[in-house]
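User: Please take a close look at a single part of this model. Start from the chain as a whole, and keep the answer connected.

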Amino acid sequence: MSRNTKGQIAIEGFTTLAVILFLYATLVFMTYSRDAQLGEKTALMDRRDACLAVQSSVSSVLASGNGTVFEFGLSSKDTAYISGNRAYVGVENAYACSLPAAVPDVNITSGTIRVSNLNGGVRVENA
Amino acid sequence: MPNRIANNRGQIFSTDLIFAVSVFLLLLAFVWYSWDDLNYEMDRKMELSEMKQRALDISDALAMASGSPDNWALDPEGANSIGLVTLPRQLSDEKWSALAGMDYKDQKGLLGVGRFDFWLAVKSGGAVLNSTGLEPAGDFRVGIERAVIRNGEAQMLSLVLWEDYKSSFMTYDYYRGNK
């Protein structure tokens, strides 16, 4: 009699624990999937930021005239690709913005970026 | 019979039951704490994401738009929205002075920073030439920089949105101290 009672408590106890753990696992899964969506949104914003930072620097250096050298910090984890012929900056094939002038093709990564307007041409490079 | 009843009563308060309840409560406490911790981290990430979105929108508007009306600097109190340029990326000293001369609360309203605090600066070669707003406190912040032209020189317009995260979430700090 005593053993039967103990057995019942154990089964009920395990069922309760299993239900709690199942609910917890479901909540954790939902949180991580929300986290992944948020991560994608943040990555897109970082790319937009990097793209517009390069675009604004090239525009400003171009407008400031020959002999201007300008440096800024790029903190993006991604690589930005500048296509001179098509005059655009692309970041990881996920975000692109136009450039106001032809700039030699280059890949730039995070760090200090130097934009120079020398001898009538604008050049972008990692400093 | 009386002995049997006494035995049954004894079983209710057995060590097994106390052990089972303790394990259950420990597990419940663990689940509660880790769920709370996960939520705290998610709140932080969402807050940063919103801050970044706002900072991007505001900095682009400041560096690319003239504001509404165009000549809002003549009557800052009548401004509907503000931009700091006359032409895209051509920073206007007149508009900068008009913004810097405003009350911080009015600046926040016109910039649309919402519940966040802000610090706006014009830099050249890393040195701050002019600034307005509140200098950031703590590391819960987002900074956006855009190149602009001022008096023919390329300079940097730097916007930082920040928040004293601990004081906005006092409940969490109560549990976590300096986290």
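Analyst: Helices (H or I, at least four residues) and strands (E, at least two) are DSSP runs, numbered from the N terminus. By that count, chain B has 6 helices and 6 strands. From the N terminus on, its elements run α-α-β-β-α-α-β-β-β-β-α-α.

The model is predicted: local features need pLDDT (the predictor's confidence in each residue, from 0 to 100) of at least 70, side-chain atom pairs count only at 80 or more, and totals for chains, interfaces and linings use all residues. Residues are numbered from 1 along each chain as its sequence is written, with chains lettered from A and ligands numbered from 1 in the order written.

Chain B has 179 residues, and 28% of them count as buried (20 or more other C-beta atoms, placed from the backbone, within 10 Å of the residue's own). Take the contacts in chain B with a separation of 6 or more: 55% of them join residues 24 or more positions apart. A contact means C-beta atoms, placed from the backbone, within 7 Å.

Now the part to inspect: the side of chain B that touches chain A. Here 29 residues of chain B are in contact with 31 residues of chain A. Three elements of chain B each supply at least two residues to this side: α2 (15-64), β5 (141-150) and β6 (153-162). Helix α2(B) gives the most, with 17 residues. By class, this side of chain B divides into 17 nonpolar, 4 polar and 8 charged residues. Ala, Val, Leu, Ile, Met, Phe, Trp, Tyr, Cys and Pro count as nonpolar, Asp, Glu, Lys and Arg as charged, and the others, Gly among them, as polar.

Across the interface is chain A. Its mean pLDDT is 85, and 93% of its residues reach 70 or more. Helix α1 (residues 2-64) of chain A has the lowest confidence there, at a mean of 84. Strand β6 (residues 111-118) of chain A has the highest, at 92.

That strand belongs to an open sheet of 3 strands in chain A, ordered β1-β6-β7 with antiparallel pairing. Pairing takes at least two DSSP bridges between two strands. β1 (68-74) and β7 (121-126) of chain A stand at the edges with a single partner strand each, so one side of each has no neighbour in the sheet. Between β1(A) and β6(A) there are 7 bridges. Gly73(A) has Thr112(A) in β6(A) as its bridge partner. Between β6(A) and β7(A) there are 6 bridges. Leu118(A) is bridged to Gly121(A) in β7(A). The hairpin of β6(A) and β7(A) has 2 residues between the strands, and Asn119(A) takes a positive phi near 55° there.

Terms used
A residue is buried if 20 or more other C-beta atoms lie within 10 Å of its own, exposed if 12 or fewer, and partly exposed in between; C-beta atoms are placed from the backbone. Two residues are in contact if their C-beta atoms, placed from the backbone, lie within 7 Å.
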